[in-house]
Amino acid sequence: MELRHLRYFIAVAEELSFRRAAERVHIDPTPLSRSIRDLEDRLGVTLFLRMPRKLRLTPAGVRLLREANNLLIRMERMRRVVRATDARYRIPLRIGIGDGIAQPRLSSCLSSWQALAPDTPLELSEMTAEEMAAALQREEIDAGISFGLPDDDAIMQVSAWSYPLMAVLPVGHELASLDNVALSDLLAFPLISCRADRQPGLLQQMLAIMQRYNPAPKIAGEAGGLPGFVTRIAAGMGVGLADAGHATTLYRTDVVAIPLREREQIFTCVVHKKRRDGTPDAAQRFISHAKNLSGSSY
């Protein structure tokens with residue numbers, strides 16, 4: 001028995017006319033009638049009472065109509081599920097990671113997402129804030145994780161999680177033996193900062209915090225990333241500030257990370273473009289997943 005037999009049978013059973021059914025399934029009445037006879041022979045039953053100018057379903061025909069409709073519905077559902085699964089496997093979720101972010105919370109966000117959506121491949125791209133903004137505009141990525149992008153009406157930025165701000169000092173520094181450091185005391189020393197072209201969002205957050213305690217901090221140098229930042233501090237070129245997430249990655253003996261006396265936080269954002277055709281489903285679910293981490297402090 002083939003599916004076409006069932007489709008032909010359903011058409012005849014619902015139309016109760018070989019002519020109308022033939023028009024419906026786009027074949028001639030003669031081969032349609034022959035297919036129904038073939039189906040009856042295969043099943044060993046009579047499905048229709050053939051009377052002059054009239055067809056009637058037999059009890060077996062009534063039951064087959066119900067079963068055939070159910071079967072085709074299940075077949076269509078199966079087709080849709082298989083095609084949707086195939087689409088999920090073929091279309092990855094493209095996430096940009098900006099600003100050199102290497103926080104444990106980011107890894108946790110990504111690993112928990114993969115547990116929630118194992119059928120959606122995750123494609124990560126590391127990029128600068130400028131590259132991320134451009135990639136979002138061109139829809140080359142679906143969302144990004146950043147300390148913040150320049151203001152743009154087309155790009156949404158929502159806090160996903162935060163970490164306390166900490167002092168980073170070279171071993172042997174006069175503040176390095178303290179249990180906690182006041183920001184005003186730390187900012188009395190030359191500071192190693194991040195570069196505006198590499199981490200504008202982080203720099204903006206840092207400056208907003210520092211200016212509440214020292215309107216004109218002395219900047220001793222700028223680093224393009226965490227390795228250069230730590231190297232300068234370890235070499236005694238200045239002191240620094242880092243969020244606790246990145247401070248936990250400093251497994252070195254020549255620098256120390258000390259809590260601040262003040263409860264200042266650095267926020268990490270999930271960013272995405274406002275799309276006219278709507279945000280793709282997987283991207284929207286990832287954005288919601290990241291936003292649900294909002295308020296978490298580490």
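Which helices and strands each supply at least two residues of the lining of the largest pocket? The answer brings together strands and helices from several stretches of the chain: β3 (93–98), β4 (122–127), β7 (191–194), α8 (200–210), α9 (226–234) and β9 (240–243). Keep in mind while you look around that this is a predicted model.

**The pocket**

Let us stay with this pocket for a moment. Its volume is about 520 Å³, and 28 residues line it. If you want to find its centre, look for Asp99, Gln199, Leu202, Gly225 and Leu226, the lining residues that lie nearest to it. By residue type, the lining divides into 16 nonpolar, 8 polar and 4 charged residues.

**A look at helix α9**

Helix α9, one of the elements that supply the pocket lining, is also the place of Thr231. Thr231 counts as partly exposed because its relative accessibility is 46%, a value that falls between the 20% and 50% cut-offs. Thr231 and Pro170 are 61 residues apart in sequence, while their C-alpha atoms are 9.7 Å apart in space.

**Salt bridges**

A search of the whole structure finds 20 salt bridges. Here are three of them, with the distance between the closest N and O atoms.

| Salt bridge | N to O distance |
|---|---|
| Glu67 and Arg63 | 3.1 Å |
| Arg80 and Glu76 | 3.0 Å |
| Asp197 and Arg195 | 2.7 Å |

Two of these pairs belong to helix α4. Glu67 and Arg63 are 4 residues apart in that helix, so about one helical turn separates them. Arg80 and Glu76 are likewise 4 residues apart in helix α4, which means that about one helical turn lies between them.

How open are these side chains to the surroundings? Glu67 is partly exposed, with a relative accessible area of 35%, and Arg63 is partly exposed at 46%. Arg80 is exposed, at 56%, whereas its partner Glu76 is partly exposed at 27%. In the remaining pair of the table, Asp197 is partly exposed with 43%, and Arg195 is partly exposed with 28%. Elsewhere, salt bridges that share partners join Arg94, Glu139, Asp142, Lys273 and Arg275 into one network.

**How confident is the prediction?**

The protein chain averages a pLDDT of 91, and 97% of the residues score at least 70. Among the elements of the chain, helix α7 (residues 183–186) has the highest mean pLDDT, 97, and helix α4 (residues 59–90) the lowest, 85.

Terms used. Residues numbered from 1 in each chain as written. Predicted model: local features only at pLDDT ≥ 70, side-chain atom pairs only at ≥ 80, totals over all residues. Heavy atoms only, no water. 1 Å grid on protein atoms, 1.4 Å probe; cavity = no way out; pocket = protein on both sides within 12 Å on 5 of 7 lines; lining within 4 Å. Points joined across faces, edges and corners; volume = space filled by probe spheres on them. Nonpolar A, V, L, I, M, F, W, Y, C, P; charged D, E, K, R; others polar. pLDDT = per-residue confidence, 0-100. Buried < 20%, exposed > 50% of the residue type's maximum accessible area, 1.4 Å probe, protein only. Salt bridge = Lys/Arg side-chain N within 4 Å of Asp/Glu carboxyl O.
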